[in-house]
Amino acid sequence: MTLAAAAVTMILPVTRPDVARTFYTDVLGLPYRGTSADGNLLFDVGSGATLALMEKPAGAQAEHTAISFEVSDIDASIKDLKSRGAVFADYDLPGLKTVDHVCVLGAEKAAWFEDPDGNILCVHEVVAG
């Protein structure tokens, strides 16, 4: 058996499931599928994947990008997400500088924001290289 055709579930920790559910449905626009038998909040994401939000204590969040959503127009996506409450980060670090929230990384443009629990999320657009 190969995993190439397997359905994928991404799991993120959250401390306040109700707040997270509102963010992922209202701000990100992900379809809420319900609660699993073990209490995870389930959302549909692209290509048949599932996002599961699991209640965990504060501090369980990663310090790196947890999920990156590929979009066709990063500027339009940023504008749309900001209008629904997403707050984008700006960086000025060696090798990582954003302009209007966007960083060009080789053949991609990327912009980062956090969910209410501090999970780092990203939108990225593949550009002609």
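This short talk covers a pocket and two strand hairpins.

A reminder before we start: this is a predicted model.

First, the pocket. What lines the largest pocket? Start with A6, A7, V8 and M10. Then comes the run V45, G46, S47, G48 and A49. The lining is completed by I67, S68 and F69. The space inside is about 160 Å³.

Now look at the makeup of that lining. Eight of its residues are nonpolar. Four are polar. None is charged.

Which strand gives the most to this lining? Strand 5 does, with three residues. Find strand 5 at residues 65–70.

Next, move along the chain to the hairpins. Strand 8 covers residues 103–105, and strand 9 covers residues 108–114. The two run antiparallel. How many bridges join strand 8 to strand 9? Three. Take one residue, L105: its bridge partner in strand 9 is E108. Two residues sit between the strands of this hairpin. In that hairpin, G106 takes a positive phi near 60 degrees.

Strand 9 also pairs on with strand 10, residues 120–126. Again the run is antiparallel, and seven bridges join strand 9 to strand 10. Here, F113 has L121 in strand 10 as its bridge partner. This hairpin has five residues between its strands. Which residue in the turn has a positive phi of about 90 degrees? That is G118.

One general point for when you trace these strands on screen. In a regular strand, side chains alternate between the two faces of the sheet.

To recap: strand 9 is joined to strand 8 by three bridges, and to strand 10 by seven.

Terms used. Residues are numbered from 1 along each chain as its sequence is written. This is a predicted model: local features need pLDDT of at least 70, side-chain atom pairs count only at pLDDT 80 or more; totals for chains, interfaces and linings use all residues. Side-chain values use heavy atoms; hydrogens and water are left out. On a 1 Å grid over the protein atoms alone, a cavity is a set of points where a 1.4 Å probe fits but cannot get out, and a pocket is an open set with protein on both sides within 12 Å along at least five of seven lines; lining residues have an atom within 4 Å of a point. Grid points are joined across faces, edges and corners, and a volume is the space filled by probe spheres set on the points. Helices (H or I, at least four residues) and strands (E, at least two) are DSSP runs, numbered from the N terminus. Ala, Val, Leu, Ile, Met, Phe, Trp, Tyr, Cys and Pro count as nonpolar, Asp, Glu, Lys and Arg as charged, and the others, Gly among them, as polar. Two strands pair if DSSP finds at least two bridges between them.
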